[in-house]
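Open the model in a viewer and keep the selection panel at hand. The stops below go from the ligand outwards to the pockets and cavities.

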Amino acid sequence: MASQQKNVGILALEIYFPPTCLQQEALEAHDGASKGKYTIGLGQDCMAFCSEVEDVISMSLTAVTSLLEKYEVDPKQIGRLEVGSETVIDKSKSIKTFLMQIFEKCGNTDIEGVDSTNACYGGTAALLNCVNWVESSSWDGRYGLVVCTDSAVYAEGPARPTGGAAAIAMLVGPDAPIVFESKLRASHMAHVYDFYKPILDSEYPVVDGKLSQTCYLMALDSCYKNLCQKYETLEGKPFSVDEASYFVFHSPYNKLVQKSFARLIFNDVVRNASYIDEAAKEKLSPFSSLTGDESYSNRDLEKASQQVAKPFYDAKVQPTTLVPKQIGNMYTASLYAAFISLLHNKHDTLPGQRVILFSYGSGLTATMFSLRLREAQHPFSLSNIASILNVAGKLKARHEFTPEKFVELMKVMEHRYGAKDFVTSKDCSLLAPGTYYLTEVDSKYRRFYAQKAKDAGTAALANGH
Ligand code: ACO
């Protein structure tokens, strides 16, 4: 049955990332990695991280408050709030309950939804839940709000440069400029140990890096094939990369995004898509007889498909890469930070365009889905969203740490993880006005936050503690 609500999707977005960052080139030298390994090999420029006064809760408080204020949305207008995160601070109390402080103040406690967790996929689960709610008969006319918030930190070693941190808030409702093509959605789920967090007293994952790369590509293939089939059934014509203007990927690091898009082009060659020219066919057809497993480890195929994909990548993917290259992997927020890069770069020309997104969470869960962009009324126009996001301004306002200071901080954070009875430095000098920060974890593990005052540098306590 068709939904009564029309053009359901994302009405507004806000992104927050810590102002503290580290150049990948400096980390590369510090780690003794060969020159170019992190910057060219992984394709990353810079990495954001939480200092000892920030965490997933403070970042999400900042993102939600900022979105509500900048779009002038009354907290009473929110009817569903869903959080996606894999950064476990409490095994029972959801991050959503911390965010309720914003809504309780206004007398709004009637808000459905809790947290969704499965590696980097939780944000997508939260978003699909909100979209489904607005499209359903239980929708009560209010907005849905989705928050993706993560601090991605790895133990010293090859995975460390693939960290990052951010929170993204998304307002969901009808008549949106970013519309879900809800029938055009395909998922792939399986049981794999590629990246997981079984060590409950550590923030660091157990990661089989190589396996996680292959699992990501296998899930991508499966979702793409499934999406193509669904499209053909619905539209009566084949689907290919040609049917969408942009492709947005979950971005643990940029090289995997390059390889992923090349994989879609290889799929299109195998499926004999009409836009593939003779030269491309000649280059890639010899690989079409490889089994799936062989094809994931074939370096010649990887190289040839990346060469063929390059002009398409430049047009359809490159505009989505800015924020993930600058911030690093933001786990649940990573896909939506890539989408925000597209809004930042192309907001003027997006109305009418189709954008395909691929969400991946280790373990594993994956969904590929389609968005249609359109013009909408102020304040929800694409150009206003891009202006409120202020990506360039936020990137420019960051403060670079040396690798030595970063490593020192990681040691402090290791001790702090799961700890009680401490106060932070409360040093919010690097934070922008209006940013929330952690002040204390008391002897009962209760966490307290303050908000940096908007007019001056002094801190105003958020919850009266
Ligand atoms: N100049 C240019 N490129 C270089 C250089 C150099 N000096 N040195 C190495 N490279 C290239 C390599 O050839 C490789 O590129 P390729 O894949 O195109 O061949 C790339 O840099 C990375 O080098 P590797 O030796 O493969 O890297 P390593 O094994 O040390 O670690 C990995 C990479 C596995 C991604 C690691 O960072 C990791 O485990 N990260 C976390 C897991 C992850 O992000 N998985 C992705 C999906 S799951 C998720 O989102 C969490």
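Select the shell around the ligand: by class it has 11 nonpolar, 10 polar and 6 charged residues. The model is a predicted one. Of the 27 residues in this shell, colour Lys37, Lys210, Ser212, Lys259 and Arg299, which come nearest to the ligand.

Next, show the polar atoms around the ligand. At Lys35, a backbone N or O atom lies 2.8 Å from a nitrogen atom of the ligand. At Gly41, a polar backbone atom is 3.5 Å from a ligand nitrogen atom. Then turn to His250, where a polar side-chain atom lies 2.9 Å from an oxygen atom of the ligand. Taken on its own, the ligand has 1000 Å² of accessible area, and the protein covers 79% of this.

Switch to the cartoon. Which elements give two or more residues to the shell around the ligand? They are α2, α6 and α7. Highlight α6, since the largest share of the shell, 4 residues, comes from there.

**The largest pocket**

Hide the ligand and look at the space it takes, which is the largest pocket. This pocket holds about 1000 Å³ of space. Its lining counts 38 residues; to find the centre, select Gly209, Lys210, Ser212, Gln213 and Tyr253, the lining residues that lie nearest to that point. Lys210 and Ser212 were also among the residues that come nearest to the ligand.

Colour the helices α2 (37–41), α6 (209–235), α7 (254–270), α9 (292–297) and α10 (299–316): each supplies at least two residues of the lining of the largest pocket. Here too α6 can be picked out, as the source of the largest share of the lining, 7 residues. Coloured by class, the lining of the largest pocket shows 18 nonpolar, 13 polar and 7 charged residues.

**The second largest pocket**

Move on to the second largest pocket, with a volume of about 780 Å³. It is lined by 31 residues, and Val88, Ile89, Tyr417, Gly418 and Arg447 are the closest to its centre. Select α15 (403–416) and β16 (436–441), each of which supplies at least two residues of the lining of this pocket. By class, the lining of the second largest pocket divides into 14 nonpolar, 4 polar and 13 charged residues.

**The cavities**

How many cavities of 30 Å³ or more does a search of the whole structure find? It finds 4. Two of them are visited here.

The largest cavity has a volume of about 120 Å³. To display its lining, select Leu217, Lys259, Ala262, Arg263, Phe266, Ser295, Tyr296, Asn298, Leu301, Glu302, Ser305 and Gln306. Two or more of the lining residues come from each of α7, α9 and α10. Lys259, one of the lining residues of this cavity, is also one of the residues that come nearest to the ligand. The lining of the largest cavity has 5 nonpolar, 4 polar and 3 charged residues.

For the second largest cavity, about 60 Å³ of space, select Met47, Ala48, Phe49, Ala152, Val153, Tyr154, Arg160, Gly163, Gly164, Phe406 and Met410. The elements to colour are β3 (46–48) and α15, which give two or more residues to the lining of this cavity. α15 has appeared before, in the lining of the second largest pocket. By class, the lining of the second largest cavity has 8 nonpolar, 2 polar and 1 charged residues.

Notes. Residues are numbered from 1 along each chain as its sequence is written. This is a predicted model: local features need pLDDT of at least 70, side-chain atom pairs count only at pLDDT 80 or more; totals for chains, interfaces and linings use all residues. Side-chain values use heavy atoms; hydrogens and water are left out. On a 1 Å grid over the protein atoms alone, a cavity is a set of points where a 1.4 Å probe fits but cannot get out, and a pocket is an open set with protein on both sides within 12 Å along at least five of seven lines; lining residues have an atom within 4 Å of a point. Grid points are joined across faces, edges and corners, and a volume is the space filled by probe spheres set on the points. Ala, Val, Leu, Ile, Met, Phe, Trp, Tyr, Cys and Pro count as nonpolar, Asp, Glu, Lys and Arg as charged, and the others, Gly among them, as polar. A residue is near a molecule or strand if one of its heavy atoms lies within 4 Å of it. A polar contact is a pair of N or O atoms within 3.5 Å; within protein, one must be able to donate a hydrogen and the other to accept it, and residues adjacent in sequence count only if both atoms are side-chain atoms. Accessible areas come from the Shrake-Rupley method with a 1.4 Å probe; for residues, only the protein chains shown count as cover. A molecule sits in a cavity or pocket if more than half of its atoms lie within 2 Å of its grid points.
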